[in-house]
Structure formats: structure tokens, C-alpha cells
Amino acid sequence: MSESADRPTPPEGLPPRVTEALSDCSPGELRKAIVHAQELLHYHGEAELPVEAEDHEDILRVTEHEGYTEVVKEFRCADGCDECPHGPYLYHVTEEPQPDGSHKVHWSFMGTVQKGE
Ligand SMILES: [Zn+2]
């Protein structure tokens, strides 16, 4: 592994032994490390993504994939209309580490899901 100027700064609070171990990993190994870290989070009872339903939406399905979480949800208008509920819509949710060590959750709209699918 060659050092480069683009090398990301590890999040504050991440132990150096973890940083060093990860910096030696190939991309394939890193993906496995992410999957394993997610499994450990589940083991500790912490969901890694805020996929809690809000008042105006119903989460129909959450599927974990390597590198992203697939979420299908429906929306309801505040007042309610003839079309309600809207969707279901498919999203791919990814977590992007920020320089300050926090994580930004990114929802990518993938399209409408056929009902009954
Ligand atoms: Zn509506």
C-alpha cells in the first residue's frame, strides 16, 4: 500500500491499531470489514442507520446489502389525498463517513416499487 495525499484521515477516537489494520486491507477486505462491523453493531444492539419511520411514512421493508441498505417505504400527505399512500418507493441508503468522524446518511431514490412485488 503506498501512502498518498488523498489518504483519508481516520475518524477521531478510532484506535490506531484499527486504523493500521484497515490501512493494510485490500478493497475487498475492507468491504468484508464493513459487513463485519455492521454485524457487530447489530450484536451490540445498535442499528447503524436511522431507518425509523416518521409520522408521515411507513417503512415496508429494510434489507441489508453489502455496502448499502435497501429501504422500501410509503408516504402519506399531511392532509391525506385520494392517492395516499404514495409509493412504495425504493431507496438505497449509504453511510458516508465525514472528516469529523461523524457519519452522513445518504438516501438515494431508486424508483417506485410495483405493489404486490
Ligand atoms: Zn397523498
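A residue here is buried under 20% relative accessible area, exposed over 50% and partly exposed in between, with a 1.4 Å probe and protein chains only. By that yardstick Leu-30, at 32% relative accessibility, counts as partly exposed. This is a predicted model, where local features need pLDDT of at least 70, side-chain atom pairs count only at pLDDT 80 or more, and totals for chains, interfaces and linings use all residues. Residues are numbered from 1 along each chain as its sequence is written, and side-chain values use heavy atoms, leaving out hydrogens and water.

Leu-30 sits in helix α2, residues 27-43 (helices are DSSP runs of H or I with at least four residues, strands runs of E with at least two, numbered from the N terminus).

Move on to the strands. β1 (residues 57-65) and β2 (residues 68-75) pair antiparallel over eight bridges; pairing takes at least two DSSP bridges between two strands. Glu-57 faces Phe-75 of β2 across the pair. The two strands make a hairpin with two residues between them, and Gly-67 in the turn has a positive phi of about 95 degrees.

Then comes the zinc ion. Cys-77, Cys-81 and Cys-84 each offer SG and His-86 offers NE2, at 2.0 to 2.3 Å. Donors are N, O and S atoms within 2.8 Å of the metal (3.2 Å for Na, K and Ca), and with water not among the atoms, sites may look incomplete. Along the sequence, the donor residues follow C-x3-C-x2-C-x1-H. Cys-84 counts as partly exposed because its relative accessibility is 22%, and His-86 is likewise partly exposed at 22%.
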